[in-house]
Amino acid sequence: MKWFSKSALLFSSKTCLAAFLALFIALELNLDKPAWSLTTVYVASQLYSASTISKSVFRFLGTLLGGLFVLLIYPATVQDPMLFSLCISLWVALCLYLSLHDRTPKSYVFMLAGYSAAIMGFPDVTAPADITYTVISRVEEISVAILCSSLVHRLIMPVSMSSMLEQSVSNWYQNARKL
């Protein structure tokens with residue numbers, strides 16, 4: 001894809017719109033870390049509308065799975081920060097192992113489950129009373145971002161894979177014909 005092609009500018013504009021919309025909603029809802037929403041839009045956005053929705057769903061599922069793991073081990077390890085950190089580290093290792101062995105797009109769920117657990121758990125190791133709030137806050141902010149990204153990319157001039165494939169084949173055919 002060329003830097004200043006029509007599709008590149010359209011993608012950039014839609015992603016920027018989705019990012020600002022997510023930031024605005026996160027600020028209006030007074031969420032704890034609205035930057036997570038902004039960043040997630042840029043991470044989840046893809047050139048094709050279906051890819052954006054797919055990656056957004058996988059990102060949400062991974063974040064939710066990581067948050068559930070943190071909430072699951074929290075009661076058993078609340079008294080021992082070292083044990084909590086060990087459990088989180090083992091979870092990250094297991095999730096990355098599963099992610100590397102499953103080479104399909106759904107492996108993103110495993111990778112995000114590990115990283116999300118670390119992002120949500122490690123900052124509150126010394127203040128365990130905040131873990132529940134951190135997990136809920138992270139899930140809320142990720143949800144706002146993926147909703148904004150998916151809606152903007154799906155509703156505003158969606159780019160389907162078939163049209164891009166047809167254009168690519170057409171360009172290839174024209175170049176071959178010139179030869």
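What follows is a conversation about a predicted model of one protein chain.

Visitor: What does the secondary structure of the chain come to?

Guide: In this predicted model, the protein chain has seven helices and zero strands, and read from the N terminus on, the order of its elements is α-α-α-α-α-α-α.

Visitor: And what does the C-alpha trace span along its principal axes?

Guide: The C-alpha trace of the protein chain spans about 70 × 40 × 20 Å along those axes.

Visitor: How much of the chain counts as buried?

Guide: The protein chain has 179 residues, and 39% of them count as buried.

Visitor: Among contacts between residues at least 6 apart in sequence, what share joins residues at least 24 apart?

Guide: That share is 70% for the protein chain.

Visitor: Let's talk packing. At what angle do helix 3 and helix 6 pack?

Guide: Helix 3, which covers residues 49-77, and helix 6, which covers residues 131-155, pack at an angle of about 175 degrees, and their axes are 9 Å apart. Because angles over 145 degrees count as roughly antiparallel, helix 3 is roughly antiparallel to helix 6.

Visitor: Which residues meet there, helix 3 against helix 6?

Guide: From helix 3 the residues include Ser49, Ile53, Ser56, Arg59, Phe60, Leu64, Gly67 and Tyr74, and on the side of helix 6 they include Ile131, Val135, Arg138, Ile142, Ile146, Ser150, His153 and Arg154. Sorted by class, the contact of helix 3 with helix 6 has 11 nonpolar, 10 polar and three charged residues.

Visitor: You listed Ser56; is Ser56 buried or exposed?

Guide: Ser56, which lies in helix 3, counts as buried because its relative accessibility is 2%, and the cut-off for buried is under 20%. Leaving aside its neighbours within four places in sequence, Ser56 is in contact with Ala44, Ile146 and Ser150, and both Ile146 and Ser150 belong to the helix 6 residues that helix 3 meets.

Visitor: What about Ser116, where is that found?

Guide: Ser116 is found in helix 5, residues 107-121, and with a relative accessible area of 0% it is buried. Setting aside its neighbours within four places in sequence, Ser116 is in contact with Gly62, Thr63, Gly66 and Arg138. Of these, Thr63 in helix 3 and Arg138 in helix 6 also appear among the residues through which those two helices meet.

Visitor: Switching topic: how many cavities of 30 Å³ or more are there?

Guide: The count comes to one cavity of 30 Å³ or more, and the largest cavity has a volume of about 40 Å³.

Visitor: Which residues line the largest cavity?

Guide: Its lining is made by Tyr74, Thr77, Val78, Pro81, Phe84, Asp124, Val125, Pro128 and Ile131. Helix 3 and helix 4, the latter covering 81-101, are the elements that give two or more residues to that lining.

Visitor: And by class, what does that lining have?

Guide: The lining of the largest cavity has seven nonpolar, one polar and one charged residues. Two of the lining residues, Tyr74 and Ile131, are also listed where helix 3 meets helix 6.

Visitor: Val125 is in that lining; how far apart are Met82 and Val125 in space?

Guide: Met82 and Val125 are 8.5 Å apart in space, C-alpha to C-alpha, and 43 residues apart in sequence. Met82 lies in helix 4 and is exposed, with a relative accessible area of 66%.

Visitor: How far apart in space are Leu27 and Val70, then?

Guide: Leu27 and Val70 are also 43 residues apart in sequence, but their C-alpha atoms are 26 Å apart in space. Leu27 is found in helix 1 and is exposed at a relative accessible area of 52%, whereas Val70 is one of the helix 3 residues that meet helix 6.

Visitor: Where is Asn30, and what is its phi near?

Guide: Asn30 has its place in the loop between helix 1 (6-28) and helix 2 (34-44), and its phi is near 60 degrees, which is a positive value in a residue other than glycine. At 66% relative accessibility, Asn30 counts as exposed.

Visitor: Is Leu29 buried or exposed?

Guide: Leu29, found in the loop between helix 1 and helix 2, is exposed, with a relative accessible area of 53%. The C-alpha atoms of Leu29 and Leu165, which are 136 residues apart along the chain, are separated by 40 Å.

Technical notes: Residues numbered from 1 in each chain as written. Predicted model: local features only at pLDDT ≥ 70, side-chain atom pairs only at ≥ 80, totals over all residues. Heavy atoms only, no water. Axes fitted to C-alpha atoms, helices over the stretch in contact; angles between N-to-C directions. Helix = DSSP H or I, 4+ residues; strand = E, 2+ residues; numbered from the N terminus. Parallel < 35°, antiparallel > 145°, perpendicular 65-115°, else oblique. Contact = heavy atoms within 4.5 Å. Nonpolar A, V, L, I, M, F, W, Y, C, P; charged D, E, K, R; others polar. 1 Å grid on protein atoms, 1.4 Å probe; cavity = no way out; pocket = protein on both sides within 12 Å on 5 of 7 lines; lining within 4 Å. Points joined across faces, edges and corners; volume = space filled by probe spheres on them. Buried < 20%, exposed > 50% of the residue type's maximum accessible area, 1.4 Å probe, protein only.
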